[in-house]
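I sat down with this one to look up charge pairs first, then any odd backbone spots. My notes follow in the order I went.

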Amino acid sequence: MPASHHPTDHTIPADGFIRVRGAREHNLRDVDVDIPRDRIVAFTGVSGSGKSSLAFGTVFAEAQRRFLESVAPYARRLIAQGSTPHVDEITGLPPAVALQQRRGAPSTRSTVGTLTTLSNSVRMLYSRAGTYPADAEQLYSDSFSPNTAVGACPRCHGLGTAHEVTEASAVHDPSLSIRDGAITAWPGAWQGKNLRDVTAVLGYDIERPWRELPQADRDWLLFTEEQPVVEVHPKRDRVAKPYKGRFWSARQYTLHTLADSQSEAQRNKAMRFVESGPCQLCHGSGLTRAALAVTFGGLDIAAFNALPLSEVAEVLRPTAELAEPSAAQSRVTSGERSEVAKSIAADLLSRVEVLTGLGLGYLGLDRATPTLSPGEMQRLRIATQLRSGLFGVVYVLDEPSAGLHPADAEPLVQVLEDLRASGNSVFVVEHNMDIVRRADWILDVGPGAGTGGGRVLYSGPPEGLADVSESVTRRYLAPRAPRDPRDPREPVGTLEIRDATLHNLRGPTGGGADAGGLDVDLPLGVMTAVTGVSGSGKSSLVGGVLPAIATSHPIVSRVVEVDQKPIGRTPRSNLATYTGMFDAVRQAFAATDDARERGWTAGRFSFNVEGGRCEVCQGEGSVSVELLFLPGSWAPCPECHGARYNAETLEVRRGGATIADVLGMTVDDAAEALADLPAAARALDALRSVGLGYLRLGQPAPELSGGEAQRIKLATELQRARSGHTLYLLDEPTTGLHPADVELLTAQLARLTDAGNTVVVVEHTMSVVAQADHVIDMGPAGGDEGGRVVAAGTPAAVAAAPDSRTAPFLRAALGS
């Protein structure tokens, strides 16, 4: 159905729409569309079709721009601002909040508690309602935070990890003398010579081997806090004049470098001379002893923060559900049974229950955010917004079901419905058809990806999508008939895993110190899917245990982890350079008659080195434009107009195209243009086979999603020459993929397996699990209640397991 014609829905008033006119962001083709407010709207379409460009790049970006226009120009400079969207007009647009799958800067100081702001309430609970030791003064809430000056442990400065300099860490070769560099922790070059000369003036023997020096001398040189200043008369340099030299012990110098050096290289070097471990003063909590002496429910705040959220709720419940206090009790202002305690505990409990309802009950408040998956991060943000009480806001969510087990999808839908019921609009970019079916409205973008997409094919209630023949999504929205079962592949060997104890992995009895580690057998030469709810131990097994032990197996010659980390962090890294095809392209241009006449080699056609590149933009293709009170932006280079190369280089053509034209081609277009280059053609065929035909060869790495980066790595493996038996490990490879793209990916995983390799995938998409030869189901729940193998065997065998939370969803996928 064209975007300009919407199904009649009498429940939506005429003014109840956000009206978008002339949207041209990225690949959108002058889109006009009306999107209803106060509804759950699912944006669907294949990967790269333009749905995120519409939801985030247009609707949210314009809402953010309008908000920032209301901010004072001076304050606006302090806020990270996006670019102005390419759109003619948007009317009826409320304020918007985006919840995208991204990580902030990794910091161990950022935790589940700080991200959700629950830590603020927990600190207040301990400050106002905690049980203090006799005669102890009441502490302010800041005293219970390791991130404040008053709360941080004085030894580890709130990190919980202490760096200690020992004789073994500072002196790597005790047979050397001080002159020969025995104290490895001291700096090199002239600074090290200065310290050795100062040591000699202080009367210490710098010629004897370190091990022969008295222990008292060694301890002083390594650990003293004194810093004597002496006059040094250089003996071996007649030109140098006497100077005043200050002594630094090895410990002082190393810790000073770690704390104050601005050079990351220097700090990394200093880490080689320390032994790191839990701080002995605060036992790894990062807090002062005074804060750790206060308890609530018999727990200090460090033990409270370490509990899974499901157990936190049980600790809070008795206080939160106290009967209304009597007149005498209401005058009590502190203690666990006070009115203050009841109020804080009740608020905390209601917020924690939102998180446990989203399937996050296995997380602890002290869990560092860099260890969370993007899906977990987003669900934490959703829960925080649910409690914010905002009204009339548009929430734009990027695949909230990513990384979510099917059993946890229902609580997620409930949260989305709660946001809608609170008077908000919920726009969801989503590939999970179970979520899409529950939406009030579907906006399908396509039909293809890249230049083959960018049109709104349908905008209306879910049932109407079935009539849109162009839509790829419609095939998957209706329940599908199960595939015919296929015969599983026969294993060529077994990788035996015994007594694995990483994170929550444990033996079949579960719990207790004598439970033992996890024992599981992984068949080789087949495709294995590892399933289970979030936090059940899947990634610990596949990403932690398997790589460490697989290389010792006689059959396995190589282990490859195909993850979702970026293929590069700068715009200079792109699809063509990562896959290696650009080398073949540059050599082909250097082999043209025009290039040979000029004496140019393949290096001339690199945008990373002088010669062929544009020197104005240094081969970037764009230049940064800084505006004082407006958002800074990138503009095409005024010299090369985005081509990256200088005019002389662009005079050389191959098949009518310049080197810049080739970088601007999509994978699909390049497959035809570069068909005569075997190395490039092989890489392009592999990229198309994993559904990446819409990407441009020169597309900068930072613009690629995690799922796209993972599929590029997979395509790079697909084009490799086969040698030996490779174990491929993939963690949720279908994240961010439309069901049509999932089918493409599944076919390529089967291709890798059929080539004589082993493929192991951590997966929640049941259509992929149903196509596996072997399934290992972890659980039964997350955190301390997980870490065990609930069921293992063929998909049909696991689907019949009575204790598996995966079983009913796998049965549905198998049609049994």
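Entry 1, a strand pair. I began at Glu 231, which is partly exposed with a relative accessible area of 38%. I keep in mind that this is a predicted model. What does the side chain of Glu 231 meet in a salt bridge? Its partner is Lys 244, at 3.8 Å from N to O. The cut-off for a salt bridge is within 4 Å, so I count the 3.8 Å pair. I put Glu 231 in strand 7 (residues 229-232) and Lys 244 in strand 8 (residues 243-246), with their positions 13 residues apart, and the pair links distant parts of the chain. Lys 244 is exposed, at 62% relative accessible area.

Entry 2, the tally. I looked up how many salt bridges the structure holds and got 37. One of them joins the side chains of Glu 207 and Arg 179, at 2.6 Å from N to O. Glu 207 sits in the loop between helix 6 (189-201) and helix 7 (215-223), and Arg 179 in the loop between helix 5 (167-170) and helix 6, so this pair ties together parts that are 28 residues apart in sequence. I checked accessibility too: Glu 207 is partly exposed at 46%, and Arg 179 is partly exposed at 30%.

Entry 3, another pair and a network. Arg 437 and Asp 434 meet through their side chains in a salt bridge of 2.7 Å, N to O. Arg 437 has a relative accessible area of 34% and is partly exposed; Asp 434 is partly exposed as well, with 45%. Elsewhere I found salt bridges that share partners, and these join Asp 594, Arg 598, Arg 604, Glu 648 and Glu 651 into one network.

Entry 4, a charge without a partner. I went to helix 4 (residues 118-129), where Arg 123 lies. Is Arg 123 buried or exposed? It's buried, yet Arg 123 has no salt bridge. I looked for the nearest side chain of opposite charge and got Asp 142, 5.0 Å away. A salt bridge has to be within 4 Å, so Asp 142 at 5.0 Å doesn't make the cut. Which residues does Arg 123 touch, leaving out those up to four places away in sequence? I noted Ser 141, Phe 144, Ser 145 and Ile 301.

Entry 5, cis peptide bonds. Most peptide bonds are trans, so I went looking for exceptions. The bond from Gly 446 to Pro 447 is cis, with omega near 0°. Pro 447 is in the loop between strand 14 (441-446) and strand 15 (455-460). I also found a cis bond from Gly 779 to Pro 780, with omega near 5°. Where is Pro 780 found? I have Pro 780 in the loop between strand 24 (774-779) and strand 25 (788-793).

Entry 6, positive phi. Most residues other than glycine have a negative phi, so I flagged two that caught my eye. Ala 189 isn't a glycine, but has a positive phi of about 55°. I located Ala 189 in helix 6, and at 64% relative accessibility Ala 189 counts as exposed. His 641 has a positive phi too, near 55°. I placed His 641 in the loop between strand 21 (633-636) and helix 23 (659-664). At 62% relative accessibility, His 641 counts as exposed.

Terms used
Residues numbered from 1 in each chain as written. Predicted model: local features only at pLDDT ≥ 70, side-chain atom pairs only at ≥ 80, totals over all residues. Heavy atoms only, no water. Helix = DSSP H or I, 4+ residues; strand = E, 2+ residues; numbered from the N terminus. Buried < 20%, exposed > 50% of the residue type's maximum accessible area, 1.4 Å probe, protein only. Lys, Arg positive; Asp, Glu negative; His and termini not counted. Contact = heavy atoms within 4.5 Å.
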